[in-house]
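Student: I'd like a close look at one part of this model. Could you walk me through it?
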Amino acid sequence: MSRGNRPLSPHLQVYRPQLTSVLSILFRIMGVAISFGSIVLIWWLAAAASGPEYFELVQSFLGSWFGRLMLFGWTLALVFHLCNGIRHLYWDAGKGLELETAYASGKAVMILTVLITLGLWVLAYALGGA
Amino acid sequence: MSLRTPLARARGLGSAKEGVSHWWAQRLTSLALIPLVLWFVFSVALMTGADHAQFIAWVQSPIVAGLLILLISVGLLHSQQGMQVVIEDYVHGEASKVVTLFLSLSIHVVLGLTGVLSILMILFRG
């Protein structure tokens with residue numbers, strides 16, 4: 001199929017990044033990241049089912065600095081996708097679509113994401129130690 | 001003036017005869033995942049430092065096993081729905097699109113089965 005000389009819609013790069021667009025793009029990227037991260041979750045559960053030795057091996061990998069970094073990123077992505085997902089469900093109900101409200105809820109999503117993610121990790125470190 | 005019949009508008013299916021159902025199913029899984037994910041992340045944070053025996057004992061409660069099975073199945077269904085939309089948006093060739101969609105669906109089914117069977121194994125065998 002020849003695309004010829006048809007006019008193109010402007011590319012994403014020409015737009016100045018705005019809170020609304022950046023959060024929307026991140027929402028999708030984080031969703032995909034969580035999907036890939038779910039492989040680790042299933043691996044962890046399968047390890048637990050296979051027995052103590054293999055489970056300890058997986059646990060020690062997840063407890064390494066790389067494992068922790070990955071888990072922290074996964075938590076951040078999950079909490080953000082959850083918070084922004086609730087924002088989207090609210091929009092789907094036809095509410096909160098005014099520009100000012102959309103900006104306010106966007107900021108609330110960012111603040112809540114940081115607070116909940118840090119809260120979970122403080123809880124984990126307080127209970128499990130390093 | 002719309003040329004569509006009132007019945008077509010009420011059904012809301014559009015020319016592709018589907019789409020609303022996918023969109024609606026995605027909202028339903030998101031709604032179900034709000035409490036499931038909140039429960040899961042806080043439970044796992046509270047489980048930090050637990051050894052294998054403690055973890056198995058936790059999963060073996062019927063409520064926990066049930067919620068985990070729900071989380072895995074609804075979560076992977078939601079993941080599948082989301083990945084489908086992303087693939088449909090960005091993979092343009094018809095053949096590569098169909099292949100990618102099939103691969104994504106297959107991986108989600110395998111992951112879901114592995115997860116659910118692991119929970120059942122822990123529940124019944126320990």
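Student: How are α2(A) and α3(A) oriented to each other: roughly parallel, roughly antiparallel, roughly perpendicular or oblique?

Tutor: A quick note before the helices: this is a predicted model, where local features need pLDDT of at least 70, side-chain atom pairs count only at pLDDT 80 or more, and totals for chains, interfaces and linings use all residues. Residues are numbered from 1 along each chain as its sequence is written, with chains lettered from A and ligands numbered from 1 in the order in which they are written.

Now, your pair. Helix α2 (residues 52-63) and helix α3 (residues 65-92) of chain A have axes that come within 4 Å and cross at roughly 75 degrees; they are therefore roughly perpendicular to each other (that label covers 65 to 115 degrees). Helices here are DSSP runs of H or I, at least four residues, and axes are lines fitted to C-alpha atoms over the stretch in contact, with angles from 0 to 180 degrees between N-to-C directions. On the α2(A) side, A:F61, A:L62 and A:G63 meet A:G67, A:R68 and A:L71 of α3(A) (contact puts C-beta atoms, placed from the backbone, within 7 Å). By class, that's three nonpolar, two polar and one charged residues, with Gly counted as polar and Arg as charged.

Further along α3(A), A:L78 is worth a look: leaving aside neighbours within four places in sequence, A:L78 is in contact with A:I34, B:V37 and B:V41. As for the chains as a whole, their contact takes 27 residues from chain A and 26 from chain B. On chain B's side, α2(B) gives the largest share, eight residues.

Note on methods:
Helices (H or I, at least four residues) and strands (E, at least two) are DSSP runs, numbered from the N terminus. Angles under 35 degrees count as roughly parallel, over 145 as roughly antiparallel, 65 to 115 as roughly perpendicular and the rest as oblique. Two residues are in contact if their C-beta atoms, placed from the backbone, lie within 7 Å.
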